[in-house]
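Trainee: I should be grateful for a close look at a single part of this model, the place where two chains meet. Please explain each term as it arises.

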Amino acid sequence: MQVHEYSVVVPAPLPEVWEVFWYRGPDRPQPRDGKTKIHILHPGDEVGEGLVRHCTFPVPRWLLSGGIGKSWEWLTEVKLHDSWRYDAIGKPLWSRAEGHTRLEDLGDGTTRVHFSEKYEAFNPVMRALLERRVHQSISRDNDAILAALSGGVKYHRARRAREVG
Amino acid sequence: MTERLFVYGTLMPDHEAWSVVAPFATATQPCVVSGRLFDTGAGYPAAVFDADAPPIRGVAITLRAHDVAAALASLDRFEGPEYRRIVVHDADGPLFAYEWIADRTILIEVPSGSWTAPS
């Protein structure tokens with residue numbers, strides 16, 4: 001099992017960072033890499049409890065899946081403007097992940113986002129051979145995550161400005 | 001349209017992929033449907049349904065009525081091109097189920113018909 005914990009500080013207040021993760025409108029932006037797609041299959045309740053989404057994302061070509069991985073994610077234990085849990089099943093590698101994301105208001109208009117994840121391949125042979133390499137390849141570095149979150153904040157500020165204007 | 005789904009492998013409660021179907025489930029109960037169960041060797045089983053075959057032991061999942069379409073859309077993606085969605089029957093009526101349609105030469109039959117007790 002691979003365990004991954006990290007955090008990034010986003011230069012935006014907590015409600016704006018929450019919106020980046022949880023905005024469920026049809027104009028929700030997709031990641032810019034052109035390979036990652038997030039499709040919400042079920043929106044969950046009013047705060048998103050029970051949300052189900054299907055993600056496709058790049059994986060190493062040596063996994064023989066055309067360079068595309070897929071996951072089915074279920075979000076639960078949603079506490080508005082605070083935290084949530086996700087359980088994900090992935091192919092390939094036939095695997096599961098369990099994670100928590102928590103937002104911390106740093107009080108100066110910035111927000112620390114805490115991520116923690118446990119990742120495990122089901123097949124013991126594949127686990128020994130590939131689990132670490134695959135998890136490393138799909139766990140993006142902090143700079144990329146910060147850039148994505150900052151880009152999301154800018155997108156939603158522009159979206160709100162358009163709606164007001 | 002039925003609101004029940006027959007699962008016989010990793011989608012069963014407390015199995016590896018339960019979280020794929022759990023968001024849409026309101027109830028579960030043991031269930032048997034006639035067919036042949038196989039081990040794909042990849043960590044998940046395959047089933048070929050046949051009314052004249054012995055029982056495959058699995059679980060009937062009742063889906064939330066207003067989420068059946070979303071559940072099936074999610075499961076269609078999850079099962080992928082190796083399986084097709086069909087309607088099978090147990091003593092209580094019709095259920096959706098996923099049947100293996102890919103190469104059978106790689107499969108090893110599970111004589112017990114149970115993924116949780118294969119021998």
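**The contact between chain B and chain A**

Mentor: Put together, chain B and chain A bury about 1,400 Å², of which 66% lies on carbon and sulfur atoms; buried area is the accessible area (1.4 Å probe) that two parts lose on being put together, summed over both. On the side of chain B, the residues that lose the most area to chain A are B:Glu16, B:Arg77 and B:Phe78, which together make up 40% of what that side buries.

This is a predicted model, in which local features need pLDDT of at least 70 and side-chain atom pairs count only at pLDDT 80 or more, while totals for chains, interfaces and linings use all residues. Residues are numbered from 1 along each chain as its sequence is written, chains are lettered from A and ligands numbered from 1 in the order in which they are written, and side-chain values use heavy atoms, with hydrogens and water left out. The term pLDDT is the predictor's confidence in each residue, from 0 to 100. For chain A its mean is 85, and 83% of the residues reach 70 or more.

Chain B contributes 18 residues to the contact and chain A contributes 14, where contact means heavy atoms within 4.5 Å. Two elements of chain B give two or more residues to the side that touches chain A: helix H1 (18-21) and helix H2 (68-79). Helices (H or I, at least four residues) and strands (E, at least two) are DSSP runs, numbered from the N terminus. H2(B) gives the most to this side, with five residues. By type, the residues of chain B that touch chain A comprise nine nonpolar, four polar and five charged; Ala, Val, Leu, Ile, Met, Phe, Trp, Tyr, Cys and Pro count as nonpolar, Asp, Glu, Lys and Arg as charged, and the others, Gly among them, as polar.

How many salt bridges are there between chain B and chain A? The count is zero, a salt bridge being a side-chain nitrogen of Lys or Arg within 4 Å of a carboxyl oxygen of Asp or Glu. Polar contacts, however, are found across the interface of chain B and chain A: five residue pairs, both residues at pLDDT 80 or more. A polar contact is a pair of N or O atoms within 3.5 Å; within protein, one must be able to donate a hydrogen and the other to accept it, and residues adjacent in sequence count only if both atoms are side-chain atoms.
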